Amino acid sequence: MSETQSIIAVRKGKSGVERTMNLLFLLCGLTAVVCVVFMTLYMVVAGGPIIAKVGFFDFVFGRTWNPENSQFGIFPMIVSSIAATGGAVLIALPCGVLVAVFLAKLAPDRIAAALRALIDLLAGIPSVVYGLLGAILLVPLIFNLQTALRLPTSGNLLAAMLILVIMILPTIISVSETAIRAVPKEYEDAALALGSTRLQSIFKVSIPAAKSGIVAGIVLGTGRAIGEAMAVIMVAGNAAIMPTLLGPVRLLTTSIPIEWAYSSGTHRDALYGIGLALFVMIMAINTIFRKTLKKGGAFDDG
Amino acid sequence: MTGEVSRQTVITVKKRRPLETLLYAVILVVSIGVVGLTAFLIVYILIQGIPAISVKFLTTAENPILKTVGIFPSIVNTLYMVLFTLLISVPLGVGGAIYLNEYAKNRRLVGAIEFATETLSGIPSILYGVFGYVFFCVLLRLNVSLIAGVLTLSIMVLPILMRTTQETLKAVPQSYREGALGMGATKWHLIRTILLPCSLKGILTGVILSIGRMVSESAALLLVAGGSAMYMPRGNLFEQMSHSGSTLSVELYRYAMSRGDNKTAFGIAAILIIIVIALNLLTRFLAGRLNR
């Protein structure tokens, strides 16, 4: 390495082309940084004023969203976002980890490879397609349940949750599988030698050892779920009220495209405000993600 | 190998426990469930969607008077969007990766760039939409247009391109660099004649992944590039790019939500799924070639 550096140092002074290219590559590298700075700046510039005007407390904890009467409380949306995301992660986590165990430890290599390919495909399906499937297959099923319980039929929180489950499963499966595979084989061998069964060695040794990787998967899945908009719009019913499992809900993400087309003035500013709130939540989740990633070594790729 | 032997003997010696068998069953049921659901969803979309696809569907615009449906304008919009986004984002992404891997010596700067890339890949598309609208459409006065969509998408796919390129650059043996520099090649010469050709397949993988992301994208484009694709883009290229227009995904959303036309929506969904499967196979093919 030291040799190459000395050569570079000699060459650098000589050629204009070299210096230009160096500068160009530096600029390319800096693009990402500039984008993040601009995004942060303009999210605050666009969303800040309405929050200042309404008041931080009234905006975040206000329970009524009624733009026509200038009531901009986004608390129901925050609660709905957290409920939908939390529910989705709670369902997807055990399923995802079990599938990861199957792929990493139990399935024969060829079958595991084929199944992994199929699950990869699941990750690539556009969110509007999930929304369409949810609206056609899932929501009518839940209509039956709502009718049976004498509730009004509508899109609902349960449908949003289940759609999000399918959308974050590939993430949780692949990250957990990587983490489980990264556990040294000796750990399990030791457990087996001590007389534990195959499953005991997996669930009492491998999974606890892969914990940090699995946590990273959860955080990554949470980030995806909380940011999803289009699939949820198509199944969630979209009323800005406090969430119930079988009632319509509107999340932070979905409020923006729903009202975008017919909003202007303060109303549009309020949508920017929702964007800022979401931005802050996502940044917080990403920070947690980076921290768990640093702590756990048994994980390498998102 | 010792693990294999000991495991087998342990299992045969020990009596099977009912709880253990139950757990095996649960793992199998969940795995088959997830995989079966995936297969079912894909087949369902194709079965529902393929009947809607015809030559007319693919090659004409919607005609409200004749009541025929066609998605040609949004196919054109999608192609424009993919092409121009790649023109902007590939040089930036590849260049950024080269800087990180070949030039950068300042740890703090590398940290900042990597932090920024990770952050960009974690931001949801709806926020890209809000930012793109505020920045490109309003501040830069590009209005709601294809070009605003292109610029927004360019930022979205930048992290994908940077990461894949960086990974392949890391895989190029250090001896190649030392050999070239030792023979008197300049750094730019080294990059141009050795590093870029060596990492071409990796860059292509990044490009394919980026195309997948662009084709799937709907939330951001709905805000910055607009909804309607009923008419063909008109005028010269510059005029076409400064009009609003929807890509296939946005068009699916519009048909399903504002029109309630599920047949057309499934037709578009089937096309999207076919594109996704094709891109997926292509990355697999490239990865196979890469390992050889």
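**View 1. Strands β1 and β2 of chain B, joined as a hairpin.** In this predicted model, strand β1 of chain B (residues 61–63) and strand β2(B) run antiparallel and are joined by 2 bridges. One residue of β1 whose partner can be followed here is N63(B), for which the bridge partner in β2(B) is T68(B). The hairpin of β1(B) and β2(B) has 4 residues between the strands, and K67(B) in this hairpin takes a positive phi near 55 degrees.

**View 2. The two faces of strand β2 of chain B.** In a regular strand the side chains alternate between the two faces of the sheet. Such alternation can be followed along β2 of chain B (residues 68–71), where V69(B) and I71(B) point to one face and are buried, whereas T68(B) and G70(B) point to the other face and are not buried.

**View 3. The surroundings of N101(B).** The residue N101(B) belongs to helix α4 of chain B, which covers residues 72–103. N101(B) counts as buried because 21 C-beta neighbours lie inside 10 Å, and a residue needs 20 or more to be called buried. When neighbours within four places in sequence are left aside, N101(B) is in contact with Q166(B), L169(B) and K170(B). The C-alpha atoms of N101(B) and E167(B) are separated by 9.2 Å, although these residues are 66 residues apart along the chain.

**View 4. Where chain A meets chain B.** Here 73 residues of chain A are in contact with 73 residues of chain B. On the side of chain A that touches chain B, helix α2 of chain A (residues 16–54) supplies the largest share, with 19 residues. Sorted by class, that side of chain A has 50 nonpolar, 14 polar and 9 charged residues.

Technical notes:
Residues are numbered from 1 along each chain as its sequence is written. Chains are lettered from A and ligands numbered from 1 in the order in which they are written. This is a predicted model: local features need pLDDT of at least 70, side-chain atom pairs count only at pLDDT 80 or more; totals for chains, interfaces and linings use all residues. A residue is buried if 20 or more other C-beta atoms lie within 10 Å of its own, exposed if 12 or fewer, and partly exposed in between; C-beta atoms are placed from the backbone. Two residues are in contact if their C-beta atoms, placed from the backbone, lie within 7 Å. Ala, Val, Leu, Ile, Met, Phe, Trp, Tyr, Cys and Pro count as nonpolar, Asp, Glu, Lys and Arg as charged, and the others, Gly among them, as polar. Two strands pair if DSSP finds at least two bridges between them.
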